[in-house]
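Visitor: I should like to take a close look at a single part of this protein. Please begin with the setting and then turn to the part itself.

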Amino acid sequence: MTVNNQNELVHKAIAVLESLESGNPEAITAYINPDKYIQHNQSLLDGREAMLSALDHLKEIGTKVSIKRTLVDGEHVAIHSVYDFLGPKIAFDIFRFENGQIVEHWDNLQEMVERTPSNHTMIDGTVMIKDIDKTDANKVYVKSFVENILVGKNPGLLTSYFDGDSYIQHSPHIADGLSGLGAALQALEERNIKFQYTHIHQVIGQGNFVLTVSEGLFDGQQTAFYDLFRVENGKIAEHWDVIEAILPEEKRKNLNSRF
């Protein structure tokens, strides 16, 4: 895919998200397939019409959207942003395109925490994409980290993925460094809070950034984990995440999988 084609997909995906703030239906009408729009946000109805019908309400409550990062991987565009509706939230949105139109959407949202142990925000940090030639290798590397460490196939490899204690952390309850990650995991264990990744569903990467979409358990609830990693010199250097509980079946408005 050429750079121009990638930029076109990003433009369309951003325009759809910005329509949630403006209330203008033009982007949704132009860029979402009218006959096929698979919605994996289970609190929303399937199809393009559900998006269009929500615009007036979203504008009325003063919805704001601020885009921070975008990744393009084939026909997928992932967007890292701040939503403000009924309070600020951090979000990842993933759009899948077919023939230039959006046909599928996944997302994860979490309430924004203003003060974090690392003194970073949940959204700040590096945005520059580089090392495009290392995209595939970085995707393989990050996937192996999630499988070995977070899923738990080989936890003894933990330190091999980091450059000593150099690790910038944007997760709202974890301090910087590998030491901060270890302390957070120990605190969860002491409070008897179960934290377990069970399956990786998507790995989306562009250059030095890789987003993984996983499911698992957090404190007894089925949970969706979206983790964005920045790789520097072959090591994981920075991390952002959004964690959201999966709705129980009786509250879901569509029959699609969360993933």
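Visitor: How far apart are the mean positions of the positive and negative charges of the protein chain? After that, please examine closely the loop between β3 (76-84) and β4 (88-98).

Guide: The model is a predicted one. In the protein chain, the mean positions of the 23 positive and 37 negative charges are 1 Å apart. The fold around them comprises five helices and ten strands. Its radius of gyration is 18 Å, close to the 18 Å from the globule rule for 259 residues, so the chain is as compact as a globular protein of that length. Along the principal axes, the C-alpha atoms fill a box of roughly 50 × 45 × 30 Å. Of the 259 residues, 48% are buried, and carbon and sulfur atoms account for 51% of an accessible surface of about 12,500 Å². Among contacts with a separation of 6 or more, 56% join residues 24 or more positions apart.

The loop in question, between β3 (76-84) and β4 (88-98), contains leucine 86. Most residues other than glycine have a negative phi. Leucine 86, however, has a positive phi, near 55°. With a relative accessibility of 73%, leucine 86 counts as exposed, because the cut-off for that class is over 50%.

A second loop offers a parallel. Asparagine 192, in the loop between α5 (177-190) and β7 (195-206), is not a glycine either, yet has a positive phi of about 60°. Asparagine 192 also counts as exposed, at 69% relative accessibility.

Note on methods
Residues are numbered from 1 along each chain as its sequence is written. This is a predicted model: local features need pLDDT of at least 70, side-chain atom pairs count only at pLDDT 80 or more; totals for chains, interfaces and linings use all residues. Side-chain values use heavy atoms; hydrogens and water are left out. Helices (H or I, at least four residues) and strands (E, at least two) are DSSP runs, numbered from the N terminus. The radius of gyration is taken over C-alpha atoms; the globule rule is 2.2 Å times the number of residues to the power 0.38. Buried means under 20% relative accessible area, exposed over 50%, partly exposed in between (1.4 Å probe, protein chains only). Contact means heavy atoms within 4.5 Å. Accessible areas come from the Shrake-Rupley method with a 1.4 Å probe; for residues, only the protein chains shown count as cover. Lys and Arg count as positive and Asp and Glu as negative; His and the chain ends are not counted. The place of a charge is taken as NZ of Lys, CZ of Arg, CG of Asp or CD of Glu.
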